[in-house]
Amino acid sequence: MSVNSDILDGPALWSAQAHLPSVLGRQLVIERGEGSYVYTADGRRLFDGTAGLWHANVGHSHPDLAAAAHTQMLKLETYHIFGRFVNDQAVALANRLATMSPIDNPKVILNSGGSDAIDVACKLARRHWQREGRTSKTTIISREFAYHGLHAYGTSIAGLEFNRDGYGTDSLVPETRRVPVHDVDALKGVIADVGAENIAAIVTEPIQGTGGVNPPQAGYLETLQQLCRENDILFVLDEVITGFGRTGSMFAADRFGLSPDLITFAKGVTSGYAPLGGVLVAPSVWEPFYVDDTATPIFRHGATYAGHATACAVAMANLDVLERDGLVERAGELEELLRVQLNQLNADRPSVADVRVAGFLGGVTLRGDLSAEVVADKLIDIGFISRPLRGNTLQLSPPFITTDEELTQYVGAISHVLIEEESK
């Protein structure tokens, strides 16, 4: 094994999701942001074409969200929500989310982010069936190319095999299965093979993000929901990316006409200004835990920062901005422009194998002789951020405040880089 002392003596920070020898020495230090742009410590201005990790929906450094955090911290930074204790901001946010929810009359579990939310949702699905006395219903089914965070359950149900490899077992949490991404017949076969009596839940993103920006095929999500209903399987919709406007509706469940049993959310609830996530829970799941009886069971969820008062105050300010400025509707408008732009890119550039748009989310898949990672690096050199995803795909998911001109320039920059690479 060769050792490069320059790498070993590099920064103390262990970067996430990184092949460290490949990134150390060329990392971008982001020191500030403004609107749809971020600025590096060495003075570069970059259009944030991925909204960070799909989250900076209202743009960077919004004064309303900063003021909300400042005001709340001077009043109460936070207080936990265990047992008899709650804080006023957690109560207010939960009530507001309940009124917005695609699930009628939900309860709201708050935690620190999307990976937390998935862990809680999967545990709650199993706890639900144990409480029902149907103790064999423990298996969680997910889809090929799925990404559900990197906590133990998210790793276990990942449909991206590289996130599952190297831990000495096929699944950190036992009793998980994956099904092909769009294949209803294959899903029916897995349900028959595992047995509906052994399946607790099916978890899916309405639009796969990290897996390559994969929209659902027409009718797929509706059929998946129907199969869950017919087989007494909980339907869990992972809206960590799509929730709070990314699809032109407040939730993708609204756009696709779905009524899940559980919805996980994070990212867009605060636009990334504070770490917060959670689960919307349908009455059929939460009501048994609320029965006025000493024998009523406890669902043992909770984390120190669940319902963090400052994070909740920031979320409330973020929701105000989304509503006041019409940004959910704006995301829908930008989706249509993005579709036109990417269809033209696909027609013009022979190095493009496919383009996909679903909500204000775009994926550009490149032909195998051209690396999405190389293209993403060259885009940074000319002032634009994209991100290589599974399947040699470039991610496009800018903030909702993006102008038509900025979006056109962004796709134009991709075309510019592709022309240069095609000529080599």
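Accessible areas here come from the Shrake-Rupley method with a 1.4 Å probe. On that footing, the protein chain of this predicted model exposes about 18600 Å², and carbon and sulfur atoms supply 52% of that surface. Turning from the surface to the interior, 54% of the 424 residues count as buried, where buried means a relative accessible area under 20%.

The overall fold is a pleasant place to continue. The secondary structure of the protein chain comes to 15 helices and 15 strands. The radius of gyration is 22 Å, close to the 22 Å that the globule rule gives for 424 residues, so the chain is as compact as a globular protein of that length. Along its principal axes, the C-alpha trace spans about 70 × 55 × 50 Å. The contacts tell of sequence separation as well: among those in the protein chain with a separation of 6 or more, 69% join residues 24 or more positions apart. As for charge, the chain carries 34 positive and 52 negative charges, and the mean positions of these two sets are 3 Å apart.

The domain assignment divides the protein chain into two parts. Domain 1 is made of two segments, 20-48 and 326-423, while domain 2 covers 64-325. Between the C-alpha centres of domain 1 and domain 2 there is a distance of 28 Å. The two domains meet in a contact that takes 21 residues from domain 1 and 25 residues from domain 2.

Two backbone details are worth a friendly look. As a general background, most residues other than glycine have a negative phi. Lys-267 has a phi near 20°, a positive value in a residue other than glycine. This lysine lies in the loop between β9 (262-265) and β10 (277-281). With a relative accessible area of 24%, Lys-267 is partly exposed, because that value falls between the 20% under which a residue is buried and the 50% over which a residue is exposed.

The second case is Asn-392, where phi is near 60°, again a positive value in a residue other than glycine. Asn-392 is found in the loop that links β14 (387-389) and β15 (393-396). The relative accessible area of Asn-392 is 22%, so this residue too is partly exposed. Both residues with positive phi described here, Lys-267 and Asn-392, thus sit in loops between strands, β9 and β10 for the lysine and β14 and β15 for the asparagine.

Technical notes
Residues are numbered from 1 along each chain as its sequence is written. This is a predicted model: local features need pLDDT of at least 70, side-chain atom pairs count only at pLDDT 80 or more; totals for chains, interfaces and linings use all residues. Side-chain values use heavy atoms; hydrogens and water are left out. Helices (H or I, at least four residues) and strands (E, at least two) are DSSP runs, numbered from the N terminus. The radius of gyration is taken over C-alpha atoms; the globule rule is 2.2 Å times the number of residues to the power 0.38. Buried means under 20% relative accessible area, exposed over 50%, partly exposed in between (1.4 Å probe, protein chains only). Contact means heavy atoms within 4.5 Å. Lys and Arg count as positive and Asp and Glu as negative; His and the chain ends are not counted. The place of a charge is taken as NZ of Lys, CZ of Arg, CG of Asp or CD of Glu. Domain bounds come from an automatic or database domain assignment.
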